[in-house]
Amino acid sequence: MDLNDIKTLYGSYLFQNYGREDLCIARGDREFIYDLEGKEYVDFVAGIAVNCLGHGHPALVKAISEQAARMIHISNLYYSREQADLGEALASIVPPPLAVSMFCNSGAEANEAALKLASKHTKRARFVTCKNSFHGRTCAALSATGQPKYQEGFEPLLSKAFDHIPFNDVEALKSSVSKTTAGLLLEVIQGEGGVIPASKEFISTARDLCDDTGALMIVDEVQTGIGRTGKWFGFQNYDVVPDIISLAKGLGGGVPIGAIVSTREIAKTFTPGSHGTTFGGNPLACAAGYATIATIRNEGLVSRAASTGAKWMADIREIGEGSKIIKDVRGMGLIIGIEMGESAKELKKFGFENGLLLNVAGGKTLRLVPPLIVSDGSISRFNDCLRDFLSRQ
Ligand SMILES: Cc1ncc(COP(=O)(O)O)c(C=O)c1O
């Protein structure tokens with residue numbers, strides 16, 4: 001079967017709700033993926049900031065294989081050692097007072113849980129989120145998302161419950177949060193929006209306002225969590241601790257899992273029956289999450305993301321010096337955005353022709369979110385490609 005045969009099957013049997021690249025991926029190895037003909041690509045997308053250990057990491061493969069043989073799913077009617085172990089592992093990497101976790105299956109689900117938890121805990125119904133944010137596609141997560149293009153055709157959603165303020169606008173933040181606000185849901189780096197970091201003032205003001213009004217500070221760490229920014233969690237770059245964080249993407253190293261982590265006091269709001277999911281916290285996903293955290297820790301991948309990312313960003317800035325195309329280079333650790341207007345899509349195409357898998361976020365920003373194990377050689381390949389691309393303009 002070749003790519004065209006597979007595209008025909010997709011056309012016949014699958015919803016057409018994704019705009020896909022002309023690439024069928026057959027397998028992966030570290031930061032490399034291979035198409036049906038065996039052509040190699042360096043993967044700077046990592047399943048959209050998911051495959052933090054790359055493809056086929058032996059520690060993750062072993063954990064998943066052994067767990068699959070033992071048991072995959074049991075429901076939340078019973079206890080499993082694997083769920084307890086992952087809860088303990090997460091508690092060991094979050095700063096206090098964050099302490100306890102609840103598991104689900106995706107980023108959107110994690111945000112749904114966080115919003116429900118904040119509503120029930122504060123007994124308030126209104127939320128503040130940011131324009132240009134992305135929080136997922138389920139009803140509440142989509143209502144929280146500050147990009148009308150995703151909401152088109154589904155209005156009014158829960159629009160009455162959400163105020164969207166301009167990102168990094170401290171004054172708008174101050175005038176939007178009050179004693180009737182249940183929570184503030186924020187990304188510390190808007191990933192889908194184009195890799196836009198929050199300012200320190202915006203995040204510290206958010207913390208202060210929540211303290212003053214009793215609103216809960218919820219940080220969406222779905223894209224920035226689990227080592228990506230050079231800290232375990234993106235908010236740790238900002239000297240604040242949120243009340244609730246949502247996680248997914250990198251947490252399972254590629255196996256679907258989401259989570260919220262909150263303080264012990266807030267977590268008490270959910271009593272048996274308050275919230276739940278059939279698959280959430282199943283032993284397979286939890287074993288993957290545990291192995292992912294243990295491997296990131298054992299291999300020092302958090303600090304490596306910080307140092308590799310800082311050097312890479314400096315290199316990109318140097319390569320782009322004097323270029324009229326590159327408007328901005330920004331990010332933290334191994335989430336890097338190169339804002340370059342329409343050229344971002346052209347660079348993506350040029351990279352593809354040269355064996356690099358790249359991705360554009362927010363329409364005009366090339367987003368680099370490779371596996372945290374990405375080698376220096378692969379980073380050099382991207383840098384050479386960027387140099388070559390710019391020299392042709
Ligand atoms: C910050 C953020 N929150 C939530 C989501 C939604 O996650 P999922 O696609 O797993 O539902 C994403 C996905 O890109 C995201 O980047």
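A residue counts as buried under 20% relative accessible area and as exposed over 50%, with partly exposed in between. The exercises below apply this to a predicted model.

**Exercise 1. Classify E82 and R70 as buried or exposed, and state where each residue of the pair sits.**

Step 1. E82 has a relative accessibility of 11%, so E82 counts as buried.
Step 2. R70 has a relative accessibility of 56%, so R70 counts as exposed.
Step 3. The side chains of these two residues, E82 and R70, form a salt bridge with an N to O distance of 3.9 Å. The cut-off for a salt bridge is 4 Å.
Step 4. E82 belongs to helix α4 (residues 81-93) and R70 to helix α3 (residues 58-70), and the two are 12 residues apart.

**Exercise 2. Work out how E171 and K174 are placed relative to each other in helix α8, and how exposed each one is.**

Step 1. The closest N and O atoms of E171 and K174 are 3.7 Å apart, and the pair forms a salt bridge.
Step 2. Both residues lie in helix α8 (residues 170-176), and because they are three residues apart, about one helical turn separates E171 from K174.
Step 3. An α-helix has 3.6 residues a turn, so residues three or four places apart point the same way.
Step 4. E171, at 53% relative accessibility, counts as exposed, while K174, at 44%, is partly exposed.

**Exercise 3. Describe the salt bridge between R207 and D243, then place salt bridges in the wider count.**

Step 1. R207 and D243 meet through their side chains at 3.1 Å, N to O.
Step 2. The pair links distant parts of the chain: R207 is in helix α9 (residues 200-213), and D243 is in the loop between β10 (216-220) and β11 (244-247), 36 residues away.
Step 3. R207 and D243 are both buried.
Step 4. The count of salt bridges comes to 21.
Step 5. A network of salt bridges links D328, R330, E339 and K364.

**Exercise 4. Characterise helix α5 from its span, its ends and its buried residues.**

Step 1. Helix α5 (residues 107-122) has 16 residues. From first C-alpha to last, α5 reaches 22 Å, close to the 22 Å expected at 1.5 Å a residue.
Step 2. At the start of α5, a side-chain oxygen of S106 comes to within 3.2 Å of the backbone nitrogen of E109.
Step 3. Just after α5, K123 takes a positive phi of about 60°.
Step 4. The buried residues of α5 include G107, A108, N111, E112, L115, L117 and T122.

**Exercise 5. Which element gives the largest share of the shell around the ligand, and which polar contacts does the ligand make with the backbone?**

Step 1. Helix α5 gives the largest share of the shell, three residues.
Step 2. Of the 13 residues around the ligand, those that come nearest are G107, A108, D220, Q223 and K249.
Step 3. A polar backbone atom of G107 is 2.8 Å from an oxygen atom of the ligand. For A108, a polar backbone atom is likewise 2.8 Å from a ligand oxygen atom.
Step 4. A nitrogen atom of the ligand lies 3.4 Å from a backbone N or O atom of F134.
Step 5. Taken alone, the ligand exposes 380 Å², and the protein buries 81% of that.
Step 6. By class, the shell holds three nonpolar, six polar and four charged residues.

Key. Residues numbered from 1 in each chain as written. Predicted model: local features only at pLDDT ≥ 70, side-chain atom pairs only at ≥ 80, totals over all residues. Heavy atoms only, no water. Helix = DSSP H or I, 4+ residues; strand = E, 2+ residues; numbered from the N terminus. Expected span 1.5 Å × (residues − 1). Buried < 20%, exposed > 50% of the residue type's maximum accessible area, 1.4 Å probe, protein only. Polar contact = N/O pair within 3.5 Å; in protein donor to acceptor, adjacent residues only side chain to side chain. Near = heavy atom within 4 Å. Areas by Shrake-Rupley, 256 points an atom, 1.4 Å probe, with all protein chains shown as cover. Nonpolar A, V, L, I, M, F, W, Y, C, P; charged D, E, K, R; others polar.
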